[in-house]
Amino acid sequence: MINIIRKNLCFLIPWLLLVLGCLALTIAVPKIDLHLMLNSHHREGLNLFFRYFTNIGGSIPWIVCGVMLIWKMWMGAYITTGQILSTLIVQPLKYAFNHPRPKVVFEEAGVILPAVQGIELPMWLSFPSGHSTAIFAMMFAICTLVPKWWEKVICLAIAITGAYSRVYLSFHFLEDIAAGSVIGVVSILAVTPFFKISK
């Protein structure tokens with residue numbers, strides 16, 4: 001475990017600093033104001049990009065699991081185990097908290113929610129973000145399998161972009177994706193000792 005942490009600090013340190021920054025922002029800035037700060041400057045190109053890129057936290061992690069199980073069974077088992085554990089953690093938490101999504105919070109406040117046209121927004125089960133959990137679990141698992149530092153940084157960049165897409169599209173608030181990222185990373189760290197990961 002310690003060895004894996006040490007070898008993946010180029011992912012873990014920036015991620016941890018980002019989570020702490022998110023925590024500080026959620027404490028210092030009112031929820032609606034913070035959400036507007038993060039996603040009120042929509043562009044057509046970004047709308048299109050995030051509309052599709054957000055799926056990287058949906059079915060894609062499970063597709064990756066299936067492909068990896070066929071290609072290299074132990075790697076597939078490792079990534080799949082992490083995904084299953086993270087799902088078993090995040091889904092009960094969603095129902096336990098049952099927090100309102102941005103759509104509900106903005107409607108109750110009488111504030112116009114910046115949303116992307118064509119996106120149907122759910123109303124409840126906002127905290128934590130399941131998509132963010134899945135994308136961070138998948139990308140951190142891949143991070144532990146690749147040898148080069150820049151490959152690990154790319155894994156982090158993909159995970160952050162996928163998680164941010166949930167805020168940009170107004171599916172979630174910042175604290176939702178931050179909590180999801182923690183669950184995803186911790187889930188992989190929890191299952192890593194059961195597999196021979198040496199990168």
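## A walk through the helices and their core

Start in the middle: the largest nonpolar core has 37 residues, and among them Phe11, Trp15, Tyr78, Ile79, Phe136, Phe140 and Val185 touch the most other members. Keep in mind that this is a predicted model. The elements giving two or more residues to this core are α2 (9-28), α5 (60-71), α6 (73-97), α8 (130-145), α9 (149-168) and α10 (174-191). Of these, α8 supplies the largest share, with nine residues.

For a close-up of the core, pick Ile79. Setting aside neighbours within four places in sequence, Ile79 is in contact with Cys65, Met68, Ala141, Ile142 and Leu145. There is also a second, separate core, this one of 12 residues, and it includes Phe106, Leu113, Tyr168 and Phe173.

Now look at how α10 sits against two other helices. Take α2 to begin with: the axes of α2 and α10 come within 9 Å and cross at roughly 150 degrees. Angles over 145 degrees count as roughly antiparallel, so that is the label for α2 and α10. The crossing of this pair, α2 and α10, is left-handed. On the α2 side, the contact is made by Phe11, Leu12, Trp15, Val19, Cys22, Leu25 and Thr26, while α10 brings Leu174, Glu175, Ala178, Ser181, Val182 and Val185. Phe11, Trp15 and Val185 may ring a bell: they are also among the core residues that touch the most other members.

The other partner to look at is α6. The axes of α6 and α10 come within 8 Å and cross at roughly 135 degrees, so these two helices are oblique to each other. Here the crossing is right-handed. From α6, the residues making the contact are Tyr78, Thr81, Gly82, Leu85, Ser86, Ile89, Val90 and Leu93; from α10, they are Ile183, Ser187, Ile188, Ala190 and Val191.

Back on α2, Ile27 is worth a stop. Ile27 lies in this helix, yet it is exposed, with a relative accessible area of 67%. The C-alpha atoms of Ile27 and Leu174 are 11 Å apart, although 147 residues separate the two along the chain. Leu174 itself is one of the α10 residues in the contact with α2.

For a polar residue on the inside, go to Ser132 in helix α8. Its relative accessible area is 0%, so Ser132 counts as buried. Which residues does Ser132 contact, leaving aside its neighbours within four places in sequence? They are Ala163, Arg166, Ile177, Gly180 and Ser181. Ser181 also takes part in the contact between α2 and α10.

That leaves the cysteines. If you are wondering about crosslinks, the structure holds zero disulfides. Why is Cys22 not in one? Its closest cysteine sulfur is that of Cys143, and at 18 Å that is too far for a bond. Cys143 is in no disulfide either: the nearest cysteine sulfur to it belongs to Cys155, 5.3 Å away, and a disulfide needs the two sulfurs within 2.5 Å. Both Cys22 and Cys143 are tucked out of solvent reach by the burial criterion: Cys22 counts as buried at 13% relative accessibility, and Cys143 counts as buried at 0%. Cys22 is also one of the α2 residues in the contact with α10.

Key:
Residues numbered from 1 in each chain as written. Predicted model: local features only at pLDDT ≥ 70, side-chain atom pairs only at ≥ 80, totals over all residues. Heavy atoms only, no water. Buried < 20%, exposed > 50% of the residue type's maximum accessible area, 1.4 Å probe, protein only. Core = buried A, V, L, I, M, F, W, Y, C linked by side-chain atoms within 4.5 Å. Helix = DSSP H or I, 4+ residues; strand = E, 2+ residues; numbered from the N terminus. Contact = heavy atoms within 4.5 Å. Axes fitted to C-alpha atoms, helices over the stretch in contact; angles between N-to-C directions. Parallel < 35°, antiparallel > 145°, perpendicular 65-115°, else oblique. Left-handed = near helix turned anticlockwise from the far one by under 90°.
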